[in-house]
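Biologist: I'd like to go through this one with you. Could you show me the structure and then let me pester you with questions?

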6 protein chains.
Amino acid sequence: MTELGVVHRAIKRADRTLVDKLAPLGVATVHEAMGRIGLMKPYMRPIYPGAQVGGTAVTVLLHPGDNWMLHVAAEQIEPGDVVVAAVTSDSDDGFFGDLLATSFKARGARALIIDAGVRDVRTLTEMGFPVWSKCVSAKGTVKATLGSVNIPVVCAGALVNPGDAIVADDDGVVVAPAALIEKAVAAAAAREANEADKRAKLAAGVLGLDMYKMREPLAKAGLKYID
Amino acid sequence: MTELGVVHRAIKRADRTLVDKLAPLGVATVHEAMGRIGLMKPYMRPIYPGAQVGGTAVTVLLHPGDNWMLHVAAEQIEPGDVVVAAVTSDSDDGFFGDLLATSFKARGARALIIDAGVRDVRTLTEMGFPVWSKCVSAKGTVKATLGSVNIPVVCAGALVNPGDAIVADDDGVVVAPAALIEKAVAAAAAREANEADKRAKLAAGVLGLDMYKMREPLAKAGLKYID
Amino acid sequence: MTELGVVHRAIKRADRTLVDKLAPLGVATVHEAMGRIGLMKPYMRPIYPGAQVGGTAVTVLLHPGDNWMLHVAAEQIEPGDVVVAAVTSDSDDGFFGDLLATSFKARGARALIIDAGVRDVRTLTEMGFPVWSKCVSAKGTVKATLGSVNIPVVCAGALVNPGDAIVADDDGVVVAPAALIEKAVAAAAAREANEADKRAKLAAGVLGLDMYKMREPLAKAGLKYID
Amino acid sequence: MTELGVVHRAIKRADRTLVDKLAPLGVATVHEAMGRIGLMKPYMRPIYPGAQVGGTAVTVLLHPGDNWMLHVAAEQIEPGDVVVAAVTSDSDDGFFGDLLATSFKARGARALIIDAGVRDVRTLTEMGFPVWSKCVSAKGTVKATLGSVNIPVVCAGALVNPGDAIVADDDGVVVAPAALIEKAVAAAAAREANEADKRAKLAAGVLGLDMYKMREPLAKAGLKYID
Amino acid sequence: MTELGVVHRAIKRADRTLVDKLAPLGVATVHEAMGRIGLMKPYMRPIYPGAQVGGTAVTVLLHPGDNWMLHVAAEQIEPGDVVVAAVTSDSDDGFFGDLLATSFKARGARALIIDAGVRDVRTLTEMGFPVWSKCVSAKGTVKATLGSVNIPVVCAGALVNPGDAIVADDDGVVVAPAALIEKAVAAAAAREANEADKRAKLAAGVLGLDMYKMREPLAKAGLKYID
Amino acid sequence: MTELGVVHRAIKRADRTLVDKLAPLGVATVHEAMGRIGLMKPYMRPIYPGAQVGGTAVTVLLHPGDNWMLHVAAEQIEPGDVVVAAVTSDSDDGFFGDLLATSFKARGARALIIDAGVRDVRTLTEMGFPVWSKCVSAKGTVKATLGSVNIPVVCAGALVNPGDAIVADDDGVVVAPAALIEKAVAAAAAREANEADKRAKLAAGVLGLDMYKMREPLAKAGLKYID
């Protein structure tokens, strides 16, 4: 439950070996494999193209215009974590810049996912520290009001529990609850294998209409061809 | 007229030779040359910079969260076509990914213009298959409800008839009705020639105020200079 | 005061030597150094990444869909200026393209900041003429109604007086009133020096919690740790 | 086709007797009866609740910030018309106020549908002249650039041909092409009759699940009940 | 956890007696009393002013453009419930109209909260069935794809578990987890009592600066008065 | 200039007698009379229809999610003032509710104009205390960080200096600098007189085309009539 003013130190992280199998599959595949749940809204965009990361969530709840809790979160980061930051109401401020990125990176964080703004994006790009955010803003924040660390948060429309697996790439960000990861990895692997074959057929000019046997259901649904 | 559940197979495509003359002119020039009509709204952005394509429209009308008709459209693609997809109401889902792109490319499509979301954007970029879309989203779609193929559609605020010429580049997407292309090509060529000269003058420091003879109309309109 | 139909020729530009010291500091640092004032809204984005410019403002007030005053403004540009264009109401049109850019560049302008749309972005990128804008649009404009040049304008939420220093980079755009620049340069220099040291500590794994002595105020504010 | 600078005086209006049968059915019913086509985007809202109008479209294409063509359109209004105004690019200006409303009303117009802003809304409300618009804005416009009257326009995402039937109420605005109205009136009447019966059953506690015989298809689709 | 294709029949509803004490307190007070958690985003607006309801949540997860699950949900409604509907991705369609409202009302529902569109708003207003929604749209939906009923959903940024208390009024919508209601009722009652006294003082001209003893902390924070 | 942490007590208010002449003219007329300057963006809407107020501005600069300065501003209110509140970055929080309204009203304030959210809107409506705001939100704010009172602010895109006249009605909000009010009152009075006559003519069926002598300029601009 959402509580303000608390830091949960003992969180149960999803199995790192499994999480590391999710990331290379990519967001779209993981999302499909889990039955299409856990996707953040599409306004979450990477600050530079090409990054693809997976990790376990350290969650943060911030107040608008106040990044105090990101400093508290830094201490809770373990190597392989991804920090996921939500705000109690919409904010475009730049909550995170190169100093925090230096600290997060030193602690082993692989990325930041923040439903708000980020700044120093050129330096972050040079550092190779990826951030998925709602926007870029040079506006700094104060350090005045307590939020929380490692409580369940709703970030960009998705519920994230501390320790959940996070996968992010150019298509967006998806959250995988620990209980679903193994199943998702298996489903995604099957799907991937399957897709290679489909891709070859489609590249050879075979139509999805035939490959997926859609002609009959389309006719049944009433589709009419007019010459 | 908008009809649901139909596929028009026999469409009249704009003359390919003319269409291929439009693309290198670019969207801004074509739009000017046609008398400033047919531009899609500026939220339509390319998934990667630098693409510049022209082609003839195969149109698709989709339902929100349902990409069934894109599979139906694939069969109607001829080499040199650009698929233009509209949705019956606003949707951010990822209607199109690398499998459909493989199929579209194999059929000869040059691009997709979609007033909705697209996914697998890294792979699409690697494949060199350009897409102009409203957003990027990993969320897949169902295949449950009939739309139509090759009917007139309103895509991102512009009316597109099947067979119309489409030009897309970093500035956006413009639709050129077949009847206007020849005139537009001529006007654009004249314009381009004219612009080279203007560009040289402006680069040499000549002011537009003088080159366009604006000083008199400005004075007449009442412009006052204050020192 | 906002007046329509006037061009102020004699404006007092901020000291160029000082302005040129601001730009390399970057938008985020300058904004902090001035006490967090003068930032434009985060929807203002560069048309290509990596540009970092500083200059003195030539301001323009435009009408929606009408770029006449940009031609008038060109004559007022001195080397080292940045043109800052506001519109009397929200407009997504493409007010500025490669011809105007050629002219602005020939006059010595370093960039355009426009609370509206821009076009020919590929050419502008090739020319290396940076623009920060609300959007990209191929839609051209008319030249019919007088606005003003070098009056105070509100651009993307920030008040800009003619002659003010402007700094723009991947983080956005900030306005520095002449009176504050010297102080800002000094504060930013101090800040930068200070940050190098902080960065080294954070990179070595020191926590911001300790470096900024946050533990006591956090405890005082009531933060609870739960294991 | 979109042409600028023309006024079509001889338009073919949908049969007034039929149009007048559409309005009382309401937007949602008409939209359903036509097969779900022709609806404007939901951002089009009435300036006061409770208005329900139908009429034949006089179309206008405006430039952003320029209402000249609304004056030209006034002359083309016949009693029973609804003026439908589109703009060549997004604009929030107040293109229409109490003077134009007085003129439109005197000419017999029943309403204005405008994909832009309107002003003097208190007076318009007192006059009982309904407007569906994108927004309310006190900002006036200039009269400088030609648009057109009675050409096909795309208004809030819907294609409107001059003479089409327009129905507008608290649910939004729908366009009915002349060719579909008779069929739509019949379908809507059947639907309405049908709905009265359904409403009575539902009010008595019968479930849609049973009334629409959904239980079997739901089970077939795999729905599971968990106690 | 989010599962598709399931209906949980046995949910644990918050204590009705307590829930009924929450509603008259209003959304702002309940939100404060719970420690500022559980508020939906401010784009959720009532279709008519003045409604103030409280109830227990029956949750629904819908697909964009598909309202099938609302029919399934109807059967799960008990008197005193409020239906809370989320969609798997953003959708503006009109998922709910007067027939469903008749059914929901007959089952004892007090309101609908839907992160999407609603239609027939005039009839709903006449029926006195309140809806808080993202928008109004006449566009109907299909019944083709399974969602779920009574699973945890994220609606307009807030996590809602089946059975949670919901309070909605002109200020918006708040979710109160069962575990917090008793405490919230008590806190709100204390707060209300307290506010009556404050209100009287403020109405008499006493300043909040004095009543809340803010002068010292303001001075300490560095506030300067300039005459 | 924007300074944080200051309260200017000695501001020069526009002449109350003149300000009180502006309000009944309405926002659209005042805006026209001043030469179309000073209008706030159209997203600023009244919480209830029908209010029309004028007053002198007490300005406030707030931080996102922090309403401390509204309490400081209360002390600076004189009868006939309108409080104008800007925020250093976009915020949807509910900064103002019935307690502050009670205090503001007791001090003589006529309205609040806030580029953010407001709450307790039903109570404010019952109290007859009008607010123009960006949105309605139940989310409360903290009191932690200093802003300023009575400095120049940019509110919803308009520059407001302390003491400026503010007029607000159903069409929006306009700012009239003290120096322009007398001229604006005179211009508006002339305009109003003029409009009564025009209104009568238009109501009698005279066309604006004739009344404004537009036929010749339209023909000159190239307008073609097609039968």
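**How chains B and E meet**

Modeller: Sure. This is a predicted model, and in it chain B can be laid on chain E with an RMSD of 0.0 Å by a turn of 180° and a shift of 0.0 Å along the axis.

Biologist: What makes the two copies related as by a two-fold rotation axis?

Modeller: The turn is 180° and the shift along the axis is 0.0 Å, so the pair is related as by a two-fold rotation axis. The contact surface fits in too: 100% of the contact residues of chain B recur in chain E.

Biologist: How many residues does each chain bring to the contact?

Modeller: Chain B gives 12 residues and chain E gives 12 residues. To be in contact, heavy atoms must lie within 4.5 Å.

Biologist: How much area do chain B and chain E bury between them?

Modeller: About 810 Å², with 53% of it on carbon and sulfur atoms. On the chain B side, Pro64(B), Asp90(B) and Lys139(B) lose the most area to chain E, together 39% of what that side buries.

Biologist: How many salt bridges does the rule find across the interface of chain B and chain E?

Modeller: Zero. A pair would need a Lys or Arg side-chain nitrogen within 4 Å of an Asp or Glu carboxyl oxygen. The rule does find four residue pairs in polar contact across that interface. By class, the side of chain B touching chain E has three nonpolar, five polar and four charged residues.

Biologist: And how far apart are the nearest C-alpha atoms of chain B and chain F?

Modeller: They are 14 Å apart, and those two chains do not touch.

Key. Residues are numbered from 1 along each chain as its sequence is written. Chains are lettered from A and ligands numbered from 1 in the order in which they are written. This is a predicted model: local features need pLDDT of at least 70, side-chain atom pairs count only at pLDDT 80 or more; totals for chains, interfaces and linings use all residues. Side-chain values use heavy atoms; hydrogens and water are left out. Buried area is the accessible area (1.4 Å probe) that two parts lose on being put together, summed over both. A polar contact is a pair of N or O atoms within 3.5 Å; within protein, one must be able to donate a hydrogen and the other to accept it, and residues adjacent in sequence count only if both atoms are side-chain atoms. Ala, Val, Leu, Ile, Met, Phe, Trp, Tyr, Cys and Pro count as nonpolar, Asp, Glu, Lys and Arg as charged, and the others, Gly among them, as polar. Copies are superposed by least squares on the C-alpha atoms of residues with pLDDT of at least 70 in both.
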